[in-house]
Amino acid sequence: MRPLGAWNFISGYPYLCAKDPVRSSDSLASTGVPSLDSLLGSDGYPDRSAILVVGAPGIGKEALGYWFVRSGLIQGDYCLYATHRPVSDVLRDMKGVGVSTERVPEWISSSGSPIRLDLRDATSISFNIKQAVHQNRNRRVRVATDVLSPLLVLNPLESMYNYWSQLLSDLKQQDAVIFALAEDGMNPPNVLTTMEQIFDGVIEMRLYEEGLSITPLFRVRKMLGLPPLHGYFRFSVSSTGMEVVPHVH
Amino acid sequence: MSIDVVSLIDSLSWLVTSIIAILVVYRGIEIGRALVSGVYRNRAFWVAALGLVIFIQALPGYVPFVGDVVIVGVPLFEIAFLSLFLAFFAFVDSTILVALEMDFFHRNTLHWRQIRIVGYPLVFGFIITILFSPPLTLPGLLMVILAVGTIVTIPYSAAALIIGARRTWDRTLKRHLTLLGFVFVVYLVSFVEATTSFNNPTPASDLLGDFLVVLAPYLLYRAAMTLSPISRIEKETA
């Protein structure tokens with residue numbers, strides 16, 4: 001892992017040096033992306049936290065989720081992936097971004113998993129996730145899910161706010177780190193802003209226009225235990241992994 | 001209006017079309033490079049391919065000798081015109097796949113995942129047959145199958161596109177498809193206009209044709225801009 005101070009010296013980004021690690025490394029869950037771990041302090045997302053990643057379709061939100069899950073599997077954490085997509089699609093995607101599928105998480109999905117996910121039944125989704133986590137309560141738990149946006153579309157905001165508040169709170173009590181994806185453009189901005197309030201960390205992945213060029217950039221809007229991170233970060237996904245570096249514009 | 005002015009406007013309209021087409025190519029490639037997911041990336045690259053075909057088609061409008069260029073015994077203009085079918089089909093196909101991907105319930109709209117496997121050989125076969133076989137020597141049945149197949153495939157794909165779009169909740173995709181719908185309409189009007197005024201061209205009909213020639217790629221450019229939501233970097237105070 002690159003030393004934080006050296007990186008700061010090279011990039012000239014004062015905030016990287018200004019933040020003191022306020023968390024001990026044993027209470028962190030690696031993101032699976034070393035450069036992002038460095039950016040977030042030392043070793044990743046805070047334990048017992050809920051992270052929301054907002055971004056345009058196809059930009060690489062899922063890749064971040066796959067690396068998060070893979071990192072957990074390597075560390076021996078219990079990993080659960082709750083998705084509205086078929087398992088075969090997710091596995092194909094994982095291979096596409098260079099994530100090995102030798103070890104896979106437990107699935108709750110629309111097809112290809114023992115526990116089926118039905119977007120029209122939000123209660124059963126919550127119940128199944130909580131039950132799976134409860135059965136593994138002696139282990140560290142990582143939950144990744146892409147059902148936030150669909151559920152927000154299919155249900156009233158008020159009920160979803162309560163639903164997610166309750167679900168995230170229950171999962172955090174079980175020593176879980178939750179990683180949720182939200183589609184930009186699928187939900188109105190005010191809906192996403194409302195939902196962001198119940199998450200401990202919010203990461204934004206968007207395409208930005210700079211003159212004639214278009215660049216995919218990454219922004220940490222908030223993260224539990226860290227002072228606000230200003231600025232944008234360039235990210236790239238390849239078959240060898242994901243890389244996040246400060247973006248100078 | 002003198003014939004010279006109309007002729008100049010005609011050449012200019014093709015030139016402007018080429019410039020817009022190049023912008024479409026550039027945007028398509030830029031957005032495609034920035035995206036991670038294969039389905040979304042393919043769509044962006046097919047927009048670029050469509051832009052490239054339009055660019056080649058527009059070239060003879062202001063570079064006369066391009067009209068005489070022959071590749072493997074076939075005029076470049078003819079290749080570009082027929083490639084438009086393939087590029088259009090591939091672009092529509094990639095857009096439908098995106099719409100299916102964005103549908104929360106991942107419904108296989110009009111069995112598109114199966115139909116596309118038949119659609120590609122049909123459209124490709126039709127183009128190759130037209131390009132390299134003199135029409136009178138074609139095996140009649142093969143030609144009929146290919147022509148009917150292509151004619152059926154295109155409206156079928158349009159129907160799948162519309163249904164797929166109705167099932168998605170993504171506002172950017174909806175906007176993209178609306179603009180794409182306008183591109184179709186403008187090309188259709190342009191085709192009707194060109195056909196009806198072919199024997200009796202007037203300066204007014206020529207000008208209308210030139211306007212439509214520019215409008216269609218412009219709308220395609222706008223559609224290329226809505227391939228993915230694009231933000232602007234905010235100035236922040238550290």
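So, let's start with the loop in chain B that sits between α3, residues 76-102, and α4, residues 112-132, because that's where you'll find His106(B). Keep in mind that this is a predicted model. His106(B) isn't a glycine, yet its phi is positive, about 50 degrees. Is His106(B) exposed or partly exposed? I'd call it partly exposed, because it has 16 C-beta neighbours inside 10 Å, and you'd need 20 or more to count as buried.

Now stay in that loop. His111(B) is found there too, between α3 and α4 of chain B. Again we have a residue other than glycine with a positive phi, this one near 55 degrees. And how does His111(B) count for exposure? With 9 C-beta neighbours inside 10 Å, His111(B) counts as exposed; the cut-off for that is 12 or fewer.

While we're here, have a look at the helix that leads into the loop. α3(B) has 27 residues, and from its first C-alpha to its last it reaches 38 Å. At 1.5 Å a residue you'd expect 39 Å, so α3(B) comes out close to that. There's a kink in α3(B), though, of about 25 degrees, and Ser83(B) is at its centre.

OK, over to chain A. Chain A is 249 residues, and 48% of them count as buried. In terms of elements, you get 9 helices and 12 strands in chain A. If you take the contacts in chain A with a separation of 6 or more, 67% of them come from residues 24 or more positions apart.

Next, how do the two chains meet? On the chain A side, 35 residues are in contact with 25 residues of chain B. Which elements of chain A give two or more residues to that side? Those are α2 (14-18), α7 (148-154), β9 (201-210) and β10 (213-223). The largest share comes from β9(A), with 5 residues. As for chemistry, the side of chain A that touches chain B splits into 18 nonpolar, 11 polar and 6 charged residues.

Last stop, β9(A) again. What does β9(A) pair with in chain B? The partner is strand β3 of chain B, residues 230-232. The two strands run parallel, and 3 bridges join them. If you want a spot to zoom in on, go to Glu209(A), which stands opposite Arg232(B) in β3(B).

So, for the walk home: two histidines with positive phi in chain B, His106(B) and His111(B), and a parallel strand pairing from β9(A) across to β3 of chain B.

Methods: Residues numbered from 1 in each chain as written. Chains lettered and ligands numbered in written order. Predicted model: local features only at pLDDT ≥ 70, side-chain atom pairs only at ≥ 80, totals over all residues. Helix = DSSP H or I, 4+ residues; strand = E, 2+ residues; numbered from the N terminus. Contact = placed C-beta atoms within 7 Å. Nonpolar A, V, L, I, M, F, W, Y, C, P; charged D, E, K, R; others polar. Pairing = 2+ DSSP bridges. Bend = angle between axes of the 7 residues up to and from the residue.
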